[in-house]
Amino acid sequence: MWYHRLSHLQSRLQNLLKGGITCQALQQPNFKSLFPIAIHWHHTASKSLNCVWQQLEDHFELQYADTVMRFDYVWLRDHCRSASCYNSKTHQRSLDTASVDLCIKPKIIRQEETTLFFTWPDGHVTKYELDWLMKNSYEGQKQKVIQPRILWNAEIYQQAQVPSIDFQSFLETNEGLKNFLQNFLLYGIAFVENVPATQEHTEKLAERISLIRETIYGRMWYFTSDFSRGDTAYTKLALDRHTDTTYFQEPCGIQVFHCLKHEGTGGRTLLVDGFYAAEQVLQKAPEQFELLSKVPLKHEYIENVGECHNHMIGVGPVLNIYPWNKELYLIRYNNYDRAVINTVPYDVVHRWYTAHRTLTIELRRPENELWVKLKPGRVLFIDNWRVLHGRESFTGYRQLCGCYLTRDDVLNTARLLGLQA
Ligand SMILES: C[N+](C)(C)CCCC[C@H](N)C(=O)O
Ligand SMILES: O=C(O)CCC(=O)C(=O)O
Ligand SMILES: [Fe+2]
């Protein structure tokens with residue numbers, strides 16, 4: 001009786017298969033249980049390899065180095081690194097993925113030492129190294145972070161005694177540049193010292209690690225408290241902690257600050273590790289962390305001062321996380337520039353305000369505040385996707401120059417120097 005039902009289902013599925021709709025059925029989790037017959041494990045000849053695998057009806061299962069990995073057959077066909085499917089000179093796929101049958105299954109799977117061979121119905125053979133599969137599997141990625149970081153409060157940062165890099169060694173040696181970038185990636189802030197106090201030298205510094213990101217504020221900016229632009233940054237007022245350009249669809253990745261002159265009092269810079277604060281929220285109220293990562297908001301920049309007319313709008317949640325490993329990669333936090341909330345129903349709005357309050361409380365804890373006085377010669381790089389900055393009000397004449405950097409190009413430089421980014 002039971003057997004009959006099973007074979008009935010099986011033949012229905014096979015009919016569907018011919019019709020080409022079955023792939024949806026194949027994705028259903030209970031599908032596997034319909035085919036208990038197909039399952040048998042292949043053990044590797046050499047016991048030391050510690051690898052077993054089985055060819056299942058709808059996917060390939062591999063157990064290797066203590067990890068169970070599941071691979072879709074289209075995926076296995078799509079990632080074929082043979083000469084006809086992949087151009088290893090350009091590192092680009094030649095295979096037209098749309099030409100792969102979505103119901104494809106290998107005819108034969110066999111293993112030789114550390115290599116798996118998949119023979120497809122048309123006779124094409126794809127081979128994979130076990131290590132390559134391990135490294136590139138979803139299950140492998142899930143356990144890894146994209147960017148290793150050291151989260152900090154003021155004490156942690158001060159105790160770490162992160163050295164500043166000398167201007168000369170930053171410009172002239174790969175080692176200096178690499179040390180700088182390593183610190184920057186770990187902490188989200190880094191300093192270069194002994195920089196001549198000019199805009200040109202600051203520009204040279206920026207160009208050593210990245211392309212400068214030109215924005216409505218220009219390529220290199222140079223500002224005082226003259227209200228030449230319609231924004232509080234161009235005044236002597238205090239600025240609470242925030243990230244910049246939250247009103248861009250992609251906020252600027254890095255901000256460079258060089259204080260060229262200050263004759264007066266106050267004006268210290270405040271730095272807060274937004275990821276440290278977010279981590280506290282995750283520990284104390286995970287559902288609030290989740291809400292902050294799910295609710296999209298607008299930020300806005302409206303300017304009508306002198307010749308400057310701008311209206312920028314950026315949309316996105318406060319916390320941005322990678323869905324597969326839940327790693328936080330971008331915080332958008334600027335209470336000045338946050339626009340009218342009209343993308344969220346009222347009951348969610350209230351829960352959002354609660355979550356935003358929890359995050360704000362963490363961001364405002366005095367022990368999380370790192371205060372520094374920017375001086376001519378000492379250039380500060382801030383990861384604007386992670387570390388919030390602010391400023392104390394000041395008196396007198398203060399000149400600040402700097403620029404934004406494109407994040408992709410900073411990370412590109414870091415990777416070329418062998419850093420994980
Ligand atoms: C002066 N400088 C160009 C550095 C920044 C101006 C941007 C200010 C804006 N409220 C924001 O937070 O994005
Ligand atoms: O004046 C400062 O120190 C920083 C102002 C600011 O937040 C900015 O320019 O983005
Ligand atoms: Fe700012």
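## A tour of two ligands and their surroundings

Begin by selecting arginine 398 together with ligand 2, where a polar atom of the arginine side chain lies 2.7 Å from an oxygen atom of the ligand. Keep in mind throughout the tour that this is a predicted model.

With ligand 2 still selected, add histidine 389, which has a side-chain N or O atom 3.1 Å from an oxygen atom of the ligand, and then glutamine 255, whose side chain places a polar atom 3.5 Å from an oxygen atom of ligand 2. Ligand 2 on its own would expose 290 Å², and the protein buries 95% of that area.

Next, widen the selection to the residues that surround ligand 2, which are Phe223, Ala233, Leu239, His242, Asp244, Gln255, Phe257, His389, Arg391, Arg398 and Leu400. Colouring this shell by character would give you 5 nonpolar, 3 polar and 3 charged residues. If you show the surface of the protein here, the space that ligand 2 takes up is the largest pocket. To see which elements contribute two or more residues to the shell, select the strands β14 (239-242), β15 (254-263), β23 (387-391) and β24 (397-405).

Now move on to ligand 1, which also sits in the largest pocket. Asp244, already met in the shell around ligand 2, is a convenient bridge, since a polar atom of the aspartate 244 side chain lies 3.1 Å from an oxygen atom of ligand 1. Select threonine 245 after that and display its backbone, for a backbone N or O atom of this residue lies 2.8 Å from an oxygen atom of ligand 1. At asparagine 334, by contrast, look to the side chain, which has an N or O atom 3.1 Å from an oxygen atom of ligand 1. Taken by itself, ligand 1 has 380 Å² of accessible area, of which the protein covers 96%.

The shell around ligand 1 holds 13 residues, and the closest of them are Asp231, Asp244, Thr245, Tyr247 and Asp337. Coloured in the manner used before, this shell divides into 6 nonpolar, 4 polar and 3 charged residues.

Finally, zoom out to the whole protein chain and colour it by its domain assignment, which gives domain 1 as residues 17-142 and domain 2 as residues 154-416. How far apart do the C-alpha centres of domain 1 and domain 2 lie? Drawing a line between the two centres would show a separation of 43 Å.

Terms used. Residues are numbered from 1 along each chain as its sequence is written. Chains are lettered from A and ligands numbered from 1 in the order in which they are written. This is a predicted model: local features need pLDDT of at least 70, side-chain atom pairs count only at pLDDT 80 or more; totals for chains, interfaces and linings use all residues. Side-chain values use heavy atoms; hydrogens and water are left out. A residue is near a molecule or strand if one of its heavy atoms lies within 4 Å of it. A polar contact is a pair of N or O atoms within 3.5 Å; within protein, one must be able to donate a hydrogen and the other to accept it, and residues adjacent in sequence count only if both atoms are side-chain atoms. Accessible areas come from the Shrake-Rupley method with a 1.4 Å probe; for residues, only the protein chains shown count as cover. On a 1 Å grid over the protein atoms alone, a cavity is a set of points where a 1.4 Å probe fits but cannot get out, and a pocket is an open set with protein on both sides within 12 Å along at least five of seven lines; lining residues have an atom within 4 Å of a point. A molecule sits in a cavity or pocket if more than half of its atoms lie within 2 Å of its grid points. Helices (H or I, at least four residues) and strands (E, at least two) are DSSP runs, numbered from the N terminus. Ala, Val, Leu, Ile, Met, Phe, Trp, Tyr, Cys and Pro count as nonpolar, Asp, Glu, Lys and Arg as charged, and the others, Gly among them, as polar. Domain bounds come from an automatic or database domain assignment.
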